[in-house]
Amino acid sequence: DCNKNAIADDCEPDCDGNSIADECEINDGTVIDGNGNGIPDECEFTRFVKIDATGLNDGTSWENAFTDLQAALAAATPGDQLWVAAGTYRPADSELSFEVPDQVAVYGGFAGVETSGDDSDPDGNQTRLRGSLAGSRYLVRATDVGTDTILDGFTVGPGLTALIVTRGAPRLSRVTFSSNHSPSGSHGGA
């Protein structure tokens, strides 16, 4: 129990698999946590999403970007950033939503060539999250997420309820909700 919290080290987050809890490595200075989110920088990745990419579809670069935002969200791990290029992204079917994982930052507004997150331009590169053709009940869901969970640079809608947050406090920035409505008898949402 390297951090003396009464939790066995093998039960605590260990992103690099070296059997030393991340918190202990950060505290003793063997790894860097530049943004202070409790995840070693070496375990944080930028994954790319571009609807018309033609490469390997593994998210490792703009050329090899995921073409499906849901696949990118499913692959994301705490500390990751998703950079999403301009285009309209829909859930695969009406039963699915874009599920934003805890401690993942999802940024829209990219042209698909940028090398810096500061180059995101949602006005010039509109990135839209839209309901499926059959009508997704919720376009974006966030459950049990903290303030390290970010949605930035998107237009959300049209669709039914645009965003539903359950037990969480994600950060929203430069997000426009457009032409959304809640079905009769629902709990509402953004």
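Hi everyone, let me start with one residue: Asp144 is partly exposed, with a relative accessible area of 43%. Keep in mind throughout that this is a predicted model.

Which residue does Asp144 meet in a salt bridge? The partner is Arg167, and the N to O distance is 2.7 Å. Now for where the two sit. Asp144 belongs to the loop between β7 (138–143) and β8 (150–152), while Arg167 belongs to the loop between β10 (161–166) and β11 (171–173), so this pair ties together parts that are 23 residues apart in sequence. As for the arginine, Arg167 counts as exposed, at 58% relative accessibility.

As general background, side chains of opposite charge can pair when their charged atoms come close.

How many salt bridges does the structure hold? There are four, and I'd like to show you two more of them.

Next on my list is Asp152 with Arg174, where the closest N and O atoms are 2.6 Å apart. Here Asp152 is in strand β8 and Arg174 is in the loop between β11 and β12 (176–177), so parts 22 residues apart in sequence are tied together by the pair. Is each partner buried or partly exposed? Asp152 is buried, its relative accessible area being 8%, whereas Arg174 is partly exposed at 42%.

Then we have Asp80 and Arg47, another salt bridge, with 2.6 Å between the closest N and O atoms. Asp80 lies in the loop between α2 (69–75) and β2 (81–85), and Arg47 lies in strand β1 (residues 46–49), so the pair ties together parts that are 33 residues apart in sequence. Asp80 has a relative accessible area of 1%, which means that it is buried. Arg47 also counts as buried, because its relative accessibility is 17% and the cut-off for buried is under 20%.

Let me turn to the strands. Four of them form an open sheet, in the order β3-β6-β9-β12, and the pairing is parallel. Which strands are at the edges? Those are β3 (87–89) and β12, each of which pairs on one side only. You'll remember β12 from a moment ago: Arg174 sits in the loop between β11 and that strand.

In general, strands of a sheet pair through backbone hydrogen bonds, either parallel or antiparallel. In our case, β3 and strand β6 (residues 127–129) run parallel and are joined by three bridges. If you'd like a specific contact to look at on screen, take Tyr89: its bridge partner in β6 is Leu129.

That's my tour, thanks for listening!

Definitions and conventions
Residues are numbered from 1 along each chain as its sequence is written. This is a predicted model: local features need pLDDT of at least 70, side-chain atom pairs count only at pLDDT 80 or more; totals for chains, interfaces and linings use all residues. Side-chain values use heavy atoms; hydrogens and water are left out. A salt bridge is a side-chain nitrogen of Lys or Arg within 4 Å of a carboxyl oxygen of Asp or Glu. Helices (H or I, at least four residues) and strands (E, at least two) are DSSP runs, numbered from the N terminus. Buried means under 20% relative accessible area, exposed over 50%, partly exposed in between (1.4 Å probe, protein chains only). Two strands pair if DSSP finds at least two bridges between them.
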